Number of protein chains: 2
Amino acid sequence: MAAVSEPGNRKVTRRDVARHAGVSDAVVSYTLNGGPPVAPATAARVRESVRLLGYTPNAAARALRMGSSRLIGIVVPDSRNPFWAELCHAVEILARARGFAVLVVNTDDDSSLTIEYFQSLASRQVDGVLIAASIEESDVARLNAVGVPWALLNKSTPVAGTRGTGVDLVAGARTATDHLIGHGYGRIGFVGRIDDPRYLGWRDTVVGAGLEPGPVFNTTFVREGGYTAGRELAAAHNELDAVFVSSDMLATGVLRALHEAGLGVPGDVAIASFDGSPESEYSWPGLTTVRQPIDELALNAVEQLLDPSYIDNRRIEGNLVVRESCGCHPPIS
Amino acid sequence: MAAVSEPGNRKVTRRDVARHAGVSDAVVSYTLNGGPPVAPATAARVRESVRLLGYTPNAAARALRMGSSRLIGIVVPDSRNPFWAELCHAVEILARARGFAVLVVNTDDDSSLTIEYFQSLASRQVDGVLIAASIEESDVARLNAVGVPWALLNKSTPVAGTRGTGVDLVAGARTATDHLIGHGYGRIGFVGRIDDPRYLGWRDTVVGAGLEPGPVFNTTFVREGGYTAGRELAAAHNELDAVFVSSDMLATGVLRALHEAGLGVPGDVAIASFDGSPESEYSWPGLTTVRQPIDELALNAVEQLLDPSYIDNRRIEGNLVVRESCGCHPPIS
DNA sequence: ATGAAAGCGCTAACAT
DNA sequence: ATGTTAGCGCTTTCAT
């Protein structure tokens, strides 16, 4: 009763289908992939055999023959970060709609691994790779040498000779910091990586406004780091009245630490953050944050990767989403 | 002096390496994969040619020949949910250490897609599939018929004939609910999917304790759903003094709604939740939750998938992590 | 409308 | 220690 393909059976190949339907290998291919026209009756017989035998084409053979695996890779700093998780998810949906599957690789924030992982993806014959990790100018040539198309998923900073749109991190940090300045806060701190463009954006903005930069809490992009920074920040809270935090995930940790310390947000310390991930909306208080347009970034990257003639290398400005953490709105209650 | 492989060049094959090094194809294979011994000098020459030509083996050809792609698939309800994101990440690390890459597929909580995606993964010649989505008894035979090894990543409920460990959802909901009862709360509500085992665990526990079940807020596992449930819950807060929430992600939404409504946690409504994801630790107040041992689940699933002789089908009990939302600890401050 | 056959790049059994 | 060669399952050109 069950289909022929039971566990332990030899894999059903296209040849088996051909024999079963009494046709040649080619006709099965034509029927399935729409080559030269096939007589309706023959096609029906083939399809019936496919069903009966439980045949599924061997993607490895097809990839070898066609030189295309219909696979794309994506290199991401940390897919547990809600922002990257959203981005990966968006890419997957788009890729699937185009018949591609997605290979996700985490560098765990070690961007020196990017090239190595890129190469390993390339050897798997992926048709392209999306890079979300940060890239040096000097990496471009090495990446190009591999011969696999690639695009930046979120080009944070301009890199000559690269494809892909992205949100301008410097401008984003400026937007957030300006907003804080507009509130009248005079001592604005920073939480994030100091080797990140957002650090520059923050610093330039406060200095440009004639303010003295507030304390800097250097941390990598992990929740724990945000929390630790938050504790230090709480201890030093009389040295600042507001802070720009480089990501929502970090801000969540800061918020927790501030709450623990009995400090009010925005009362004691106002916060503006970055990413616009879902957790920024559901935290307490809601985070004022610079939203990255995830769907647009993903669509743009996937299109460029798959269609060489499609070119759009714009740097997008993130949108400020105003919630309660900056002091604009009182917490609804 | 870039390597020979520049964009546009024909792909470098193993044959090119063989010619360049003045040896046969086989020797290249032996050198790279450790077959029969190769003279040290020859091996060195081969390796040099590999480097010079920028050769990377074609994984599709290897997969076709070997019948193994060194790829595993993972079917997950929603990789944006921090719990699944953690699990996927853990699986990726383990898989990479074993030379496997991971194909992530989201069902977006539509478990009827599981089989379809499983088959598409199978046609890509994956060496195994980890299934995190829920499975019906009736799916088992169909899954087995495909002939690709699979294991449950988080076997939430016992399903005959399946492999993989998992946390007992019913017992977990019981643990959380019992803890709430232990606090003396007499009217305990529920937030989650009512077709989920946790609903049963909650209901049995309150009824078993001689309590009348509190209000039920039915929702799928999305943040927005938690928030909506939270608003309804806030409106009905005089009908309950505590609530069991089926996941941390949902609980985050509930917390937000409660804060908005000016209700205190645990003062007005105590909460116990499920998953033990990072956001439960950094929310405010911290969530008392039943932690799923992510690394253990992932390790177990990967091992079983890759090693047919390894069998461990235990149902694990989740550990209660006590924080502030249940009323055990006052918020630190 | 259908069939025969070459060849994608690799591994491994079998020569030498 | 090294070389030769037969396929893995597929697509596609060229015949018929």
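**Entry 1: the loop with Pro266(B)**

I began with Pro266(B), which sits in the loop between α11 (248–260) and β9 (270–275) of chain B; helices here are DSSP runs of H or I with at least four residues, strands are runs of E with at least two, and both are numbered from the N terminus. The peptide bond that leads from Val265(B) into Pro266(B) is cis, and I noted an omega near 10°. This is a predicted model, in which local features need pLDDT of at least 70 and side-chain atom pairs count only at pLDDT 80 or more, whereas totals for chains, interfaces and linings use all residues. For my own bookkeeping, residues are numbered from 1 along each chain as its sequence is written, chains are lettered from A and ligands numbered from 1 in the order in which they are written, and side-chain values use heavy atoms, with hydrogens and water left out.

In chain A I looked up another cis peptide bond, the one that joins Trp284(A) and Pro285(A) with an omega of about -5°. Pro285(A) belongs to the loop between α12 (278–282) and β10 (288–291) of chain A.

**Entry 2: positive phi values in chain B**

I then turned to backbone angles, and found that Asp275(B), a residue other than glycine, has a positive phi near 125°. Asp275(B) is part of strand β9 of chain B, and at 4% relative accessibility it counts as buried (buried means under 20% relative accessible area, exposed over 50%, and partly exposed in between, with a 1.4 Å probe and protein chains only).

Arg70(B) is not a glycine either, yet its phi is positive, at about 50°. I placed Arg70(B) in the loop between α4 (59–66) and β1 (71–76) of chain B, where it is partly exposed with a relative accessible area of 36%. From there I went to Ala41(B), in helix α3 (residues 40–53) of chain B, which counts as exposed at 56% relative accessibility. The C-alpha atoms of Ala41(B) and Arg70(B) are separated by 31 Å, while the two residues are 29 positions apart along the chain.

**Entry 3: salt bridges**

How many salt bridges does the structure hold over all chains? I noted 32, a salt bridge being a side-chain nitrogen of Lys or Arg within 4 Å of a carboxyl oxygen of Asp or Glu.

Within chain A, I looked at Arg98(A) and Glu303(A), whose closest N and O atoms are 2.6 Å apart. Arg98(A) lies in the loop between α5 (82–97) and β2 (101–106) and Glu303(A) in helix α13 (residues 294–306), so this pair ties together parts of chain A that are 205 residues apart in sequence. Both partners are partly exposed, Arg98(A) with a relative accessible area of 26% and Glu303(A) with 22%.

Between the chains, Arg256(A) forms a salt bridge with Glu324(B), the closest N and O atoms being 3.1 Å apart. Because Arg256(A) lies in helix α11 (residues 248–260) of chain A and Glu324(B) in the segment after β12 (319–321) of chain B, the pair joins two chains. I found Arg256(A) buried, with a relative accessible area of 3%, and Glu324(B) buried as well, with 5%. These residues also belong to a network of salt bridges that links Arg231(A), Arg256(A), Glu260(A) and Glu324(B).

Within chain B, I recorded Glu279(B) with Arg223(B), where the closest N and O atoms are 2.8 Å apart. Glu279(B) is in helix α12 (residues 278–282) and Arg223(B) in helix α10 (residues 223–235), so the pair ties together parts of chain B that are 56 residues apart in sequence. Both residues are buried.

**Entry 4: chain A as a whole**

I closed with chain A, whose secondary structure comes to 13 helices and twelve strands. Its radius of gyration is 26 Å, well over the 20 Å that the globule rule gives for 333 residues, so chain A is more spread out than a compact globule; the radius is taken over C-alpha atoms, and the rule is 2.2 Å times the number of residues to the power 0.38. Along the principal axes, the C-alpha atoms of chain A fill a box of roughly 85 × 45 × 30 Å. Of the 333 residues, 56% count as buried.
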